[in-house]
Amino acid sequence: MKHLVHCITNYVAMNFTANSLLAVGVTPIMSAFPDEMEELVGKCDALLVNIGCLDNQQIEAMKIAVSTARECRKPWALDPVAVGLTKQRTEVCKELIGICAPDIIRGNKHEIDAIRTIYGVEGSETELAKRLGCVVITSGATDLITDGSRCERITLGSPMMTEVTAMGCVSTAISAAYMAKGFNAFDAACKTMLLMGRAGEKAAEICNGTGSFKEIFIDNIYKMKCDE
């Protein structure tokens, strides 16, 4: 039976995320219904929380899910979409981390910098990872991955990846998928960004534009998963 990843994610990313998780070899389930959060997280192998499209029901579900992950010792990954842009996003992100520090936080440079500001961390991502006790992924032209002691930089991918919505959301979800498969957070993060970069490069070589890029990208994830 495939490993199960429960995703509380934004509406823009849902379909792309679900198909990418299937391509990487796990089963996604997506719900933001608070009444079933404890049961779902208890039965899943990893949790993804993405704050892209917040509403009151999602916020309640996220809090219950993260609390349950802590109690059941389930790994979880946080995608702090646009944290720092509004007071509400910043407060939700801080509260979720306060309930239980995620195993992986993945964001772009602006998002990771915003989290450093929340916690008063003036140093690098390495210092933030030490402070929170988690793996931090800063994605960009060169992805930086650190657990506070180790640090990896991965320079792969294509500029077209910045023109396809939810690409970052998918990478955070795949990091949760690798944790569901049993990889530790640092290895899961490294495998994710290598997979994303290589699949993005291959898709950019043969696509006709951003629409076909998305489909070919998923194809490449599937092919690479089969070659693992």
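How many disulfides does a search of the whole structure find? The count is 0. This is a predicted model, and what it offers instead is a nonpolar core of 47 residues, the largest in the structure, along with 10 salt bridges. Helix α6 and its residue E125 get a good share of the space below, since E125 is buried at 8% relative accessible area and still takes part in a salt bridge with K109.

**Cysteines**

- C44 is not in any disulfide, and the nearest cysteine sulfur to it belongs to C72, 8.4 Å away.
- With 2% relative accessibility, C44 counts as buried.
- C190 has its closest cysteine sulfur in C151, and at 9.2 Å that is too far for a bond.
- C190 is buried too, its relative accessible area being 13%.

**Nonpolar cores**

- In soluble globular proteins, nonpolar side chains tend to be buried together.
- Here the largest nonpolar core takes in 47 residues, and I104, I145, I174, F213 and F217 have the most contacts inside it.
- Strands β1 (4–8), β3 (46–50) and β6 (135–139) each give two or more residues to this core, and so do helices α1 (14–24), α7 (167–180), α8 (185–206) and α9 (210–227).
- There is also a second, separate core of 38 residues, with L47, I51, L96 and I112 among its members.
- What does I145 touch, leaving aside its neighbours within four places in sequence? Its contacts include V135, V136 and I137, then R150, C151, E152 and I154, and further along F186, A189, C190 and M193.
- Two of the cysteines from the section above, C151 and C190, are therefore both in contact with I145.

**Helix α6**

- Helix α6 spans residues 125–132, and its buried residues are E125, T126, L128, A129 and L132.
- Why do they sit on the same side of α6? They cover an arc of only 160° around the axis, which puts them there.
- The cover over these buried residues includes two helices, α4 (87–99) and α5 (109–118), and the strands β5 (104–108), β6 and β7 (143–146).
- Just after α6 comes G133, with a positive phi of about 70°.

**E125, a buried acid**

- E125 lies in helix α6 and counts as buried at 8% relative accessibility.
- Its side chain meets that of K109 in a salt bridge, 3.4 Å from N to O.
- That pair links distant parts of the chain, E125 being in α6 and K109 in α5, 16 residues apart.
- K109 is the partly exposed partner, at 41% relative accessibility.
- The bridge belongs to a network of salt bridges that links K109, D113, R116 and E125.
- The side chain of E125 also makes a polar contact of 3.1 Å with the side chain of T138.
- Leaving aside neighbours within four places in sequence, E125 is in contact with K109, I112, R116, V136, T138, L144 and T146.

**Other salt bridges**

- E39 and K43 pair up through their side chains at 3.1 Å, N to O.
- Both sit in helix α2 (residues 37–43), and because they are 4 residues apart, about one helical turn separates them.
- An α-helix has 3.6 residues a turn, so residues three or four places apart point the same way.
- Buried or exposed: which describes E39 and K43? Both are exposed.
- K63 bridges to E95, with the closest N and O atoms 3.3 Å apart.
- This one links distant parts of the chain, from K63 in helix α3 (residues 56–72) to E95 in α4, 32 residues apart.
- K63 counts as partly exposed at 29% relative accessibility, and E95 as partly exposed at 39%.

**Positive phi without glycine**

- Most residues other than glycine have a negative phi.
- A82 goes the other way, with a positive phi of about 60° although it is not a glycine.
- Its place is in the loop between β4 (76–79) and α4, and A82 is partly exposed, with a relative accessible area of 23%.
- A166 likewise has a positive phi, about 75°, and is not a glycine.
- Where is A166? Its place is in the loop between β8 (151–154) and α7.
- A166 counts as buried, at 10% relative accessibility.

Conventions
Residues numbered from 1 in each chain as written. Predicted model: local features only at pLDDT ≥ 70, side-chain atom pairs only at ≥ 80, totals over all residues. Heavy atoms only, no water. Core = buried A, V, L, I, M, F, W, Y, C linked by side-chain atoms within 4.5 Å. Buried < 20%, exposed > 50% of the residue type's maximum accessible area, 1.4 Å probe, protein only. Contact = heavy atoms within 4.5 Å. Arc of directions from axis to C-beta. Salt bridge = Lys/Arg side-chain N within 4 Å of Asp/Glu carboxyl O. Polar contact = N/O pair within 3.5 Å; in protein donor to acceptor, adjacent residues only side chain to side chain. Disulfide = S-S within 2.5 Å.
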